Each structure stands twice: as structure tokens, then as C-alpha cells.
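Thanks for coming, everyone. I'll walk you through one structure today, so have a look at it while I talk.

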Amino acid sequence: GVMINRLDADDFSAVVTDHARQGDMAVEYLVKRGHRRIAMVCEERNNWGSLQRMKGFIEAMTRNGLEVVDECIMSSDHQPMYGVLRRLMAGLKPTGIFVAGEDIGLEASYILRDVLRMKVPQEVSVLGMESSRVSQFLSPPMTTLCQSPENLERVSVEVLLRQLNGEKGELERVVLESTLIERESVTNLPA
């Protein structure tokens with residue numbers, strides 16, 4: 001068998017996107033644009049992907065000399081996204097938010113803009129995960145990190161076929177990179 005986007009099962013081959021690198025890339029991108037108060041919002045704190053993204057996020061924040069406080073990383077586990085973002089904008093007041101999940105970008109964008117009445121990107125910059133057929137149509141179009149589902153599927157099938165043909169005895173671990181798609185949801189802050 002082949003696990004997709006999980007590396008926490010030792011007896012399976014796995015094809016994953018480098019989630020830790022995504023957390024790192026998000027912070028580096030925002031820092032390069034002058035952001036110092038950066039937050040991350042994920043769906044579930046305890047799944048493998050979220051934990052990896054948090055790890056990359058924290059390492060990049062630390063490397064850039066930015067303090068990582070508890071409220072830097074919020075999750076919408078068992079609570080409405082509205083409450084999470086309202087608390088975040090009232091407390092930490094980040095200038096940049098990494099929305100770390102394909103399925104929460106639309107909701108986060110809508111809540112920030114239409115419910116909390118924040119101007120994106122003038123008041124808060126948002127960097128999300130690519131959700132095809134959604135991200136580019138948000139207002140403003142969202143800058144995203146893209147992990148290609150087609151790539152994941154293709155490589156997973158290749159690994160599975162190698163297993164079925166008995167070509168590889170040992171388990172395979174394939175790690176794929178993400179790409180950054182620049183749109184209009186992140187602003188440059190003056191130095």
C-alpha cells in the first residue's frame with residue numbers, strides 16, 4: 001500500500017508533499033515583504049500535515065528572530081473559524097496570516113473581508129494553500145502555496161505499480177515540493 005500525504009505509518013510506502021517546507025516558505029515569503037507579526041491558522045492541530053507545517057512555521061519564525069507566542073498558531077478544531085479569526089485580530093493583530101489548509105482559504109478570506117471588515121491585503125495579508133478553481137477567484141485573488149494533487153496521484157500510482165511488479169523490496173518515501181503562486185492578497189510593508 002501507499003500512504004498519501006502522511007509519513008506516520010512505518011509499514012507503508014508514502015508519497016508526501018513537504019509540509020514542513022510549506023510552513024517555512026510561508027514565513028519566509030511574508031518576512032521578505034516586511035511582515036514581523038505573522039500567524040498561522042490550520043484546521044486540525046493534531047494531524048500529520050498540520051504538525052509538519054507548524055514545525056516549519058516555528059523554525060522559520062525563530063530563524064528570522066520573530067517571537068513565537070501561543071496565539072501565533074490557531075486552529076479551527078471544533079470551533080467556528082469566525083471565533084478563531086476574531087480572537088486573532090483582536091489579540092495578536094498579525095499583519096500576515098498563513099491559512100494552512102486548502103479547504104479553509106475561502107472561509108478565512110470571506111470572514112476577514114465581509115464579517116470582520118478587514119481590508120485584504122492593506123490591513124492584513126493572507127497567504128493560503130492553493131484550492132484549484134477557488135483561490136484565483138477570491139477577492140482579492142489569493143497568493144498560495146500549491147501542492148500539485150496531480151503530481152501526488154501520479155507518483156503514488158508509480159510507487160504502487162513498482163510494488164505490485166515486485167521491483168522494490170523496501171518501502172519508498174517520496175517527498176514532493178510545493179510552488180508559490182503570487183496573486184494579490186499579500187502586501188509589502190514599509191521597512
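Let me start with one residue, Ser109. Buried or exposed? Ser109 is buried, because its relative accessible area is 8% and the cut-off for buried is under 20%. One thing to keep in mind throughout: this is a predicted model. Ser109 sits in helix H4. If you skip residues up to four places away in sequence, Ser109 touches Leu138, Ser139 and Met142.

Okay, let's zoom out. What does the protein have in the way of helices and strands? There are 5 helices and 9 strands. Reading from the N terminus, the order goes β-β-α-β-α-β-α-β-α-β-β-α-β-β.

On overall dimensions, the C-alpha atoms fit a box of roughly 55 × 35 × 35 Å along the principal axes. The radius of gyration is 18 Å, and a compact globule of 191 residues would come out near 16 Å, so the two agree. Of those 191 residues, 49% are buried. The accessible surface is about 9,800 Å², and carbon and sulfur atoms account for 50% of that. And here's one on how the chain comes together: take the contacts between residues at least 6 apart in sequence, and 72% of them join residues at least 24 apart.

Now for the inside. The largest nonpolar core has 44 residues, and the ones with the most contacts inside it are Phe57, Leu85, Ile97, Phe98 and Leu112. Who contributes at least two residues each to this core? On the helix side, that's H1 (19-32), H2 (48-63), H3 (81-90) and H4 (105-115). On the strand side, it's E3 (38-42), E4 (73-75), E5 (96-100) and E6 (125-129). H1 gives the most, with 6 residues.

Ile97 is a nice one to click on. Leaving out neighbours within four places in sequence, Ile97 is in contact with Leu30, Ala39, Val41, Leu85, Leu88, Met89, Leu112, Val124, Ser125, Val126 and Leu127.

Next, have a look at strand E8, residues 173-176. Val174 is in this strand, and so is Leu176. Which residues does Val174 contact, apart from neighbours within four places in sequence? They are Ala14, Val15, Val16, Val155 and Val159. On the same theme, Val174 and Ser13 are 161 residues apart in sequence, yet their C-alpha atoms are 8.4 Å apart in space.

Leu176 is buried, at 14% relative accessible area. Again ignoring neighbours within four places, the contacts of Leu176 are Val15, Val16, Thr17, Asp18, Asn151, Leu152 and Val155. For a contrast, try Leu176 and Lys93: they are 83 residues apart in sequence and 33 Å apart in space, C-alpha to C-alpha.

Last stop, the outside. Where is there a nonpolar patch on the surface? Val157, Leu160, Leu161 and Leu164 make one, of about 380 Å². Leu161 is in helix H5, residues 149-164. Why does Leu161 count as partly exposed? Because its relative accessibility is 46%, and partly exposed is the range between the 20% and 50% cut-offs.

That's my tour. Happy to spin the model around for anyone who wants another look.

Conventions
Residues numbered from 1 in each chain as written. Predicted model: local features only at pLDDT ≥ 70, side-chain atom pairs only at ≥ 80, totals over all residues. Heavy atoms only, no water. Patch = residues over 30% accessible without salt bridge, like charges linked within 9 Å, V, L, I, M, F, W, Y side chains within 5 Å. Areas by Shrake-Rupley, 256 points an atom, 1.4 Å probe, with all protein chains shown as cover. Salt bridge = Lys/Arg side-chain N within 4 Å of Asp/Glu carboxyl O. Helix = DSSP H or I, 4+ residues; strand = E, 2+ residues; numbered from the N terminus. Buried < 20%, exposed > 50% of the residue type's maximum accessible area, 1.4 Å probe, protein only. Rg over C-alpha atoms; globule rule 2.2 N^0.38 Å. Contact = heavy atoms within 4.5 Å. Core = buried A, V, L, I, M, F, W, Y, C linked by side-chain atoms within 4.5 Å.
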